[in-house]
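Thanks for making time this morning; I would like to walk you through one structure, and I will keep to a few places in it. Please have a look at the sequence and the model first.

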Amino acid sequence: MNHSLKFAGLALVGLFSAGIAAAADLEVASPWVRGTVPAQKATGAFMQLSSKGGVSLVGVGSPAANIVEIHEMVMDNNVMKMRAVPRLEVEAGKVLELKPGSYHVMLIDLKKPLTKGEIVPITLRVEGKDKKVETVEIKAEVRDLTARAPAPAMEHKH
């Protein structure tokens, strides 16, 4: 293995340990999953996504659930509506926050309850401007059932 590949691998390991994953022109920060109660069969995963050149999130997966989808939650005439969306655009230079009450990853038909402190692997499928689809593997920590979104990790000040 040449030295540049070793360095790239070490850099990627460093990104994962810092809570940030980067590949396919996608940077992922602060991934987390809301914990569940014993009979609960679905929960959400949340994170901040950014891209230098702009990409599309076109699919998601996880061994923690039988069905994993990209979802949008909106209020319509005081009624909360949630629906699966086929893709999410991550605009160049902007942060797309997947958070409670908005866009998120939905984990449906969970294989077991998720408790605080566990790690849930999630695969993001990302389509670049060249239409090539790549995968980004992330590890999301399970937080308390009552957890709220943290302050944005990728805040930019000018």
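I will take a loop residue, then a strand with its partners, and then the nonpolar core.

Before anything else, please keep in mind that what you see is a predicted model.

Let me begin with Thr36, which sits in the loop between β2, residues 26-34, and β3, residues 42-50. Is Thr36 buried or exposed? Its relative accessibility comes out at 11%, and because the cut-off for buried is under 20%, Thr36 counts as buried. As for what surrounds Thr36, leaving aside residues up to four places away in sequence, it touches Ala42, Thr43, Leu110, Pro113, Leu114 and Leu145. With Leu114 there is also a polar contact, in which the side chain of Thr36 reaches the backbone nitrogen of Leu114 at 2.8 Å.

Turning to strand β4, residues 55-61, we find that six of its seven residues are buried. β4 is joined to β7, residues 88-90, by three bridges in an antiparallel arrangement, and there Leu57 has Leu88 as its bridge partner. β4 also runs antiparallel to β10, residues 119-127, with five bridges between the two strands, and in this pairing Val60 is matched with Leu124.

Leu124 brings us to the largest nonpolar core, which has 31 residues, and in which Leu26, Val33, Met47, Leu49 and Leu124 touch the most other members. If we look at Met47 and again set aside residues up to four places away in sequence, its contacts include Val28, Leu96, Leu98, Val105, Leu124 and Ile138, and Ser30 and Glu97 are also among them.

Key. Residues are numbered from 1 along each chain as its sequence is written. This is a predicted model: local features need pLDDT of at least 70, side-chain atom pairs count only at pLDDT 80 or more; totals for chains, interfaces and linings use all residues. Side-chain values use heavy atoms; hydrogens and water are left out. Helices (H or I, at least four residues) and strands (E, at least two) are DSSP runs, numbered from the N terminus. Buried means under 20% relative accessible area, exposed over 50%, partly exposed in between (1.4 Å probe, protein chains only). A polar contact is a pair of N or O atoms within 3.5 Å; within protein, one must be able to donate a hydrogen and the other to accept it, and residues adjacent in sequence count only if both atoms are side-chain atoms. Contact means heavy atoms within 4.5 Å. Two strands pair if DSSP finds at least two bridges between them. A nonpolar core is a set of buried Ala, Val, Leu, Ile, Met, Phe, Trp, Tyr and Cys residues joined through side-chain atoms within 4.5 Å.
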